[in-house]
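Got a minute to walk through a fold with the viewer open? Have the sequence and the structure side by side as you read.

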Amino acid sequence: MNMSFSHDMDDEYEKLIRRMNPPRVVIDNDACKNATVIRVDSANKHGILLEVVQILTDLNLIINKAYISSDGNWFMDVFNVTDQDGNKIVDKGILDYITKSLGPESCFTSSMRSVGVKQSVEYTAIELIGSDRPGLLSEVTAVLRHLKCNVVNAEVWTHNTRAAAVMQVTDEETGTAITDPERLSRIKTLLCNVLKGSNRSSLAKTAVSHSVTHTERRLHQLMFADRDYERTGDDVLDNRQRPNVDVVNCYDKDYSVVTIRCKDRPKLLFDTVCALTDMDYVVFHANVDTEGSESYQEYYIRHIDGYPVKSDAERQRVTQCLQAAIERRVSEGLKLELCMTDRVGLLSDVTRIFRENSLTVTRAEVTTKEGKAINTFYVREASGYPVHAKTIDSIRQVIGQTILKVKGSPGDLKSVPQESPARFLFGGFFKSRSFVNFSLVRSYS
């Protein structure tokens, strides 16, 4: 059968089920003393839990409790949510958006097939995945600037010596998406060469397109496909520092029960559900609760083939993948926020300054709104030690005291072993070496 015809049939079937059983959303601000309760009832299908959690997470809502049941053909969820300040959701615009996005008028039932992909004429999407090393982000942004690409949005994650990025770029002259096939091919080739560096045998992948994807969802997929969950012999984290993940089989119900205990943080539920979905597990029941700073999650799952976890090797893989999904977003280092009028080459200049001051960036979020660049960086010393106050003062003098702000205190940072390979990440080169000395642009041209 033709694949597109099969997908069309699936879509028509989903529409029929939807018309017969339209989703229902109830938002209640009276049922709970300190949270807004959101109830979602809908026809069940694989991936629907992630879609619902993704919509709530994109609104920056904090999910404190959740009760999930999708055993059979019906999906029933209850979420207790607050805003970032711990208050109930009273904004009518947000409440209406939740109702529209999850209710009968929504169209989220078919989005998982393409992971929310749609075409964009505003920018070109670039995906990068490869081995991390000092100075990589600076190199990537310098090459993009050389190729007359302006980075308008980007998110960068690093984990277990791997690095992944999703960037949205425009043509420097037109301010629109880059469409020339030869130019796109050149961008892809040069960036792939940068990712490989001097080690031509290292694994690196680059993709360019005009598609719009959910950035964080895509970063999880990229790192999972890159197998960042696999442990290396020089892994610096011991089991006491990792999230506590336990996987056991419940033979009388034919489920595998996954329990997760770790420090609570925003978007934690989204990250764990992403991992289970990427591994093709179906969540039949789940309970999520938070007590103070700790989070407890319990999932009753089976693989999409209908079986629970069948071997110790599979159990270990589930454990490691969930731990990796939780760890990817954990940002070690000093948080720096930059806000200024955007200009071409800004990200390249900022990362070069970080590199020249021997700083490494563990995570980055780059956004452009109405001509303003709003960037967040988490930085550490390339040696692995806490950032020195004099280093930050020096950088702020160059960039601007009011432009670059420090969130947190350098003295609060704990030191890590100097030999730690996991702390290289994006960023710092040796201070005495200038970017020009590496002739990066010429070497990759």
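Here is a short tour, taken topic by topic.

Keep in mind that this is a predicted model. Its eight-stranded sheet is open and antiparallel, and its largest nonpolar core has 49 residues. We'll start with the sheet, move on to the helices, and finish with the cores and a few side chains worth a click.

**The sheet**

- Going across the sheet, the strand order is β1-β2-β4-β3-β13-β14-β12-β11, and the pairing is antiparallel.
- β1 and β11 are the edge strands: each has a single partner, so one side of each has no neighbour in the sheet.
- On average, neighbouring strands here are turned by 20° against each other, direction ignored.
- β3 (residues 62–69) and β4 (residues 74–82) pair antiparallel through seven bridges. If you want a landmark in that pair, A66 has F79 in β4 as its bridge partner.
- At the β11 end, seven bridges join β11 to the antiparallel β12. Here V245 sits opposite I260 in β12.
- The hairpin of β11 and β12 has four residues between the strands, and D254 in it takes a positive phi near 60°.

**Helices lying across the sheet**

- α3 lies across β1 and β2, running at about 160° to β1.
- Which residues of α3 (92–102) are buried? They are L95, I98, S101 and L102. These residues span an arc of only 135° around the axis, which means they sit on the same side of α3.
- As a bit of background, residues three or four places apart in an α-helix point the same way, because there are 3.6 residues a turn.
- The buried residues of α3 pack against β1 (24–28), β2 (36–43) and α2 (48–58).
- Flip to the face of α3 turned away from the buried side and you'll find the exposed residues K92 and K100.
- Where α3 starts, a side-chain oxygen of D91 comes to within 2.8 Å of the backbone nitrogen of G93.
- α8 (residues 312–327) lies across β11, β12 (255–263) and β13 (281–291), at about 145° to β11.

**The enclosed helix α4**

- Nine of the eleven residues of α4 are buried, so this helix is largely enclosed by the rest of the structure.
- The buried set is L136, L137, S138, E139, V140, T141, A142, V143 and L144.
- Is E139 in α4 buried or exposed? Its relative accessibility is 3%, so E139 counts as buried.
- E139 and T351 are 212 residues apart in sequence, yet their C-alpha atoms are 8.9 Å apart in space.
- After α4 comes K148, with a positive phi near 60°.

**Nonpolar cores**

- Inside the largest nonpolar core, the residues with the most contacts are L56, F79, M279, Y299 and L322.
- A second, separate core has 47 residues, including C149, V194, L336 and V350.
- Y299 is worth a look for its neighbours: leaving out residues within four places in sequence, its contacts include V258, I260, L269, L276, H285 and A286.

**Side chains to click on: N29**

- N29 belongs to the loop between β1 and β2, and it is partly exposed, with a relative accessible area of 22%.
- Its side chain makes a polar contact with the T36 side chain at 2.5 Å. The N29 side chain also reaches the backbone oxygen of I89 at 2.9 Å.
- Beyond four places in sequence, N29 touches T36, K88, I89 and V90.
- N29 and K88 are 59 residues apart in sequence and 7.1 Å apart in space, C-alpha to C-alpha.

**Side chains to click on: D226**

- D226 lies in the loop between α6 (215–225) and β11 (244–250).
- With a relative accessible area of 17%, D226 is buried, because the cut-off for that label is under 20%.
- What joins the side chains of D226 and R162? It's a polar contact of 2.4 Å.
- Apart from residues up to four places away in sequence, D226 touches I129 and R162.

How values were computed:
Residues are numbered from 1 along each chain as its sequence is written. This is a predicted model: local features need pLDDT of at least 70, side-chain atom pairs count only at pLDDT 80 or more; totals for chains, interfaces and linings use all residues. Side-chain values use heavy atoms; hydrogens and water are left out. Buried means under 20% relative accessible area, exposed over 50%, partly exposed in between (1.4 Å probe, protein chains only). Helices (H or I, at least four residues) and strands (E, at least two) are DSSP runs, numbered from the N terminus. The arc is that of the directions from the helix axis to the C-beta atoms. Contact means heavy atoms within 4.5 Å. A polar contact is a pair of N or O atoms within 3.5 Å; within protein, one must be able to donate a hydrogen and the other to accept it, and residues adjacent in sequence count only if both atoms are side-chain atoms. A nonpolar core is a set of buried Ala, Val, Leu, Ile, Met, Phe, Trp, Tyr and Cys residues joined through side-chain atoms within 4.5 Å. Two strands pair if DSSP finds at least two bridges between them. Axes are lines fitted to C-alpha atoms, for helices over the stretch in contact, and angles run from 0 to 180 degrees between N-to-C directions.
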